[in-house]
Amino acid sequence: MKIMVAVKRVIDYAVKIRVKSDKSGVEMSNVKMSMNPFCEIAVEEALRIREAGAASEVVAVSVGPAQCADTLRTALAMGADRAIHVDSGSLGLVLPLSVAKILKALAEIERPGLMILGKQAIDDDCNQTGQMVAGLLNWPQGTFASKVLLDKEKQVATVEREVDGGLETLSLDLPAVITTDLRLNQPRYATLPNIMKAKSKVIKKVTLEELNVEIKSDLEVVQVTEPPKRKAGVIISSVDELIDKLKNEARVL
Amino acid sequence: MFSRFHILNFLLPSAINKKLCVRLLLWAMRRGKSLKCLLAGCHLYQHSACIYQEIPNSASAIFQASRISLIHYPESPLKSYDKFNPLRHVCPRASRGGVLHRLNKESLIATSRIHQRSFGSTTKNIQRNPSFSMINSDDISYFRDILDDNTVIQDEDRLSSANIDWMRKYEGSSKLLLLPKDTDEVSKILRYCNSRRLAVVPQGGNTGLVGGSVPVYDEVIVNVGLMNKIISLDKVSGILKCEAGCILENLDSFLANECYLMPIDLGAKGSCQIGGNVSTNAGGLHFVRYGSLHGNVLGLEVVLADGTVLDMLGSLRKDNTGYDLKHLFIGSEGTLGIITKVSILTPARLSSTNLAFLACEDYSSCQELLLKAKRGLGEVLSAFEFLDTNSMDLVLDKLEGVRNPFPSSLHKFYVLIETTGTDDSYDRAKLETFLVNSMEGGLISDGVIAQDINQASSFWRIREGIPEALMKLSRSTSMKDLVGRSSAKVFSQIEPFVYECDSILLCLQAQSMA
């Protein structure tokens with residue numbers, strides 16, 4: 001069985017985000033880019049399934065500009081077997097529905113038994129791609145997985161999800177789509193020998209024409225602004241002062 | 001790159017025999033190393049006589065090799081007590097010197113006392129100098145006069161945290177903590193203390209590992225933490241002027257907005273203050289790239305013990321006029337004056353940083369790796385740090401959320417290599433090529449490269465967490481338990497230069513047998 005993992009190149013989780021002065025987006029030049037943390041968890045889960053013997057191959061997929069190859073290289077260094085890079089060329093922003101259509105086209109070519117995605121990307125926080133691709137493929141979906149068990153014989157995946165007030169357990173017939181939550185696993189580090197091995201692994205480049213997918217953007221980003229700055233707090237010296245401030249400044253009493 | 005504090009803790013109580021001491025000293029001498037650290041283990045001094053006997057002409061050679069003369073070191077610190085200087089009273093080196101002096105007069109039994117004391121407080125065994133006055137109510141009211149009420153602190157809770165050092169090894173019993181807000185207030189405090197013969201201890205973030213920031217007895221604690229204003233940043237030259245109480249991390253995040261960075265970075269950056277960094281000549285993680293504070297500090301404003309304000313706050317890097325007095329204060333541990341303002345040269349913040357965490361099998365590989373890194377990585381090398389398996393085990397054991405990058409196998413030594421440059425893909429390729437070559441050459445046995453900033457911080461956490469893990473260890477075990485094992489095991493825990501020495505000794509033994 002083959003597992004397909006979608007990975008996204010995003011601004012590093014630890015970088016302080018700056019909004020461009022013309023409010024058209026966030027500053028991307030000279031900013032550290034890394035793999036989306038949820039995608040890292042997805043790669044790790046796929047590798048663990050393969051190492052447990054339930055899958056034979058892990059294919060990492062990314063949609064985006066040429067630099068996405070670096071992110072795919074990270075997935076390969078973690079242990080993925082090969083990678084597919086769908087070049088978005090000059091398209092700029094690729095929205096979840098477009099990505100879902102691309103993934104669907106790839107799934108039809110690659111025929112994976114399981115598709116694992118991060119539950120959301122930390123840059124746009126959309127949380128849509130996994131659900132949309134499952135809908136387009138008409139596959140069952142297990143979103144926000146915190147535990148995944150695969151039964152190779154019965155071709156069934158058991159997925160535990162953290163829901164309000166407890167855990168929900170789903171049983172999915174394969175092929176299926178799973179999106180990962182934070183507590184599913186702790187991704188491994190890329191070791192030096194694996195980084196070296198990754199250099200000889202193949203990253204196949206695919207264009208949108210080859211996949212026969214047409215991308216129409218029906219969403220337009222109007223403006224990106226920074227959240228309002230939090231005002232500095234004040235230290236007050238007495239209870240009376242607090243009551244006075246609550247009454248006259250905050251007007252909550 | 002290596003903290004001296006290990007040596008003080010480990011060498012002192014270790015069961016190093018006479019011959020070994022002699023050989024250690026000889027080795028250091030041949031290598032032209034400073035003997036400062038070795039001499040800190042005072043019982044080495046007791047063996048120095050044997051060196052003179054066993055190796056002719058060695059004494060003068062040792063003096064040349066060491067920065068501190070063997071003869072004068074144990075004598076001079078105590079002399080400094082005789083001459084009145086409120087700051088000198090609490091100089092950490094002086095207090096250690098006092099201990100040294102006492103112990104030298106005693107027999108070897110004294111060494112066993114250090115066993116118990118190495119994780120306790122130095123205050124037990126040395127005498128308070130009676131020529132210093134005690135604080136009275138007049139003093140308090142004077143301080144209340146010149147300072148704001150809420151900056152004269154006698155509250156037990158706040159005093160107790162100011163009295164004890166971060167490692168909880170040294171505890172004083174000061175009754176007064178002063179928080180001056182500007183240079184003028186510092187000057188008034190010191191002038192008054194000088195006239196009243198009150199002992200003073202300057203304090204910054206109180207993150208030091210050797211007890212230099214806490215009182216030995218009842219000294220007045222002068223904490224400059226409220227002097228935390230950034231005065232100016234020259235955006236063209238990158239020269240930052242700020243007050244001594246600025247927290248290192250705050251300065252760095254201020255500079256980050258202007259694309260500069262502090263030339264010094266250390267584990268305690270969230271609480272340590274720049275004044276303390278300068279006073280202790282802190283080295284930090286980027287020493288290999290940006291060098292010592294002697295090169296980066298361009299000017300200082302200092303208040304001397306008698307209250308005189310010495311304005312040396314220049315901001316001209318290429319200043320070749322006259323004497324450079326500021327260097328006296330860098331690393332003086334507050335014994336000559338209290339630093340109130342700092343002018344510091346900050347390098348440009350570069351966009352691409354890569355970090356590798358590596359495993360090595362022996363100490364000589366680590367050394368060779370450093371040599372190769374300097375040549376092979378050249379301009380992008382920004383940090384080269386080292387830890388041994390004991391430190392690693394300790395960190396994994398004592399700190400939560402720390403994860404071993406090599407879970408499946410054990411290694412003797414670990415090295416962190418950081419590169420900082422301008423082109424991410426170029427730097428990364430350079431680092432990877434270097435690491436592959438080193439691995440093929442057998443210098444590295446395993447390695448991981450951080451794929452994002454989060455992974456990089458978790459690698460740094462291991463190195464930076466060592467003092468914290470040691471602190472936690474000291475609460476649960478005494479150092480005696482650690483060194484009570486066989487001397488071979490002790491060796492595996494002593495600082496790296498001893499590793500080197502160890503291998504040299506093996507060579508010597510082999511030679512003598514041949």
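Helices here are DSSP runs of H or I of at least four residues, and strands are E runs of at least two. The model is a predicted one. In these terms, residues 170-349 of chain B are 23% helix and 23% strand. The C-alpha atoms at the two ends of that stretch lie 37 Å apart. An unreviewed UniProt entry annotates the stretch as "domain: FAD-binding PCMH-type".

Chain B as a whole holds 25 helices and 13 strands. Of its 514 residues, 44% are buried. Contacts between residues 24 or more positions apart make up 75% of the chain B contacts with a separation of 6 or more. The chain is divided into four parts: domain 1 (5-124), domain 2 (137-223), domain 3 (232-331 + 338-345) and domain 4 (352-473). The centres of domain 2 and domain 4 of chain B, taken over C-alpha atoms, are separated by 40 Å.

For chain A, UniProt (unreviewed entry) gives the feature "domain: Electron transfer flavoprotein alpha/beta-subunit N-terminal" at residues 23-215. Helix accounts for 32% of this stretch of chain A, and strand for 32%. Its end C-alpha atoms are 24 Å apart.

The two chains touch through 15 residues from chain A and 15 residues from chain B. On the chain A side, two or more residues come from each of β3 (33-35), β11 (190-191) and α5 (192-199). Helix α5(A) gives the most, with three residues. By class, this side of chain A has nine nonpolar, four polar and two charged residues. Strand pairing also links the chains. Strand β11(A) is joined by two bridges to β13 of chain B (residues 446-449), and the two strands run antiparallel. Within β13(B), V448(B) stands opposite T191(A).

The largest nonpolar core has 99 residues. The members that touch the most others are V5(A), V43(A), A60(A), A75(A), A80(A) and V415(B). Helix α1 of chain A (residues 37-51) supplies the largest share of this core, eight residues. With residues up to four places away in sequence left out, A80(A) touches V5(A), V43(A), V58(A), V59(A), A60(A) and A75(A). Another core, of 53 residues, lies apart from the largest one. Its members include V220(B), C246(B), I264(B) and I274(B).

Two residues of chain B illustrate the burial classes. W166(B) sits in the loop between α11 (156-163) and β2 (177-178) of chain B. W166(B) counts as buried because 20 C-beta neighbours lie inside 10 Å, and the class begins at 20. Beyond its neighbours within four places in sequence, W166(B) is in contact with N206(B), T207(B) and G208(B). A256(B) is 90 residues from W166(B) in sequence, and the C-alpha atoms of the pair are 28 Å apart.

R428(B) belongs to helix α20 of chain B (residues 424-440). R428(B) has 19 C-beta neighbours inside 10 Å and therefore counts as partly exposed. A residue is buried at 20 or more and exposed at 12 or fewer, so a count of 19 falls in between. R428(B) and N354(B) are 74 residues apart in sequence, yet 6.7 Å apart in space from C-alpha to C-alpha.

Notes
Residues numbered from 1 in each chain as written. Chains lettered and ligands numbered in written order. Predicted model: local features only at pLDDT ≥ 70, side-chain atom pairs only at ≥ 80, totals over all residues. Domains from an automatic or database assignment. Contact = placed C-beta atoms within 7 Å. Nonpolar A, V, L, I, M, F, W, Y, C, P; charged D, E, K, R; others polar. Pairing = 2+ DSSP bridges. UniProt positions renumbered as here; feature names shortened; annotations may be inferred. Core = buried A, V, L, I, M, F, W, Y, C linked by C-beta atoms within 7 Å.
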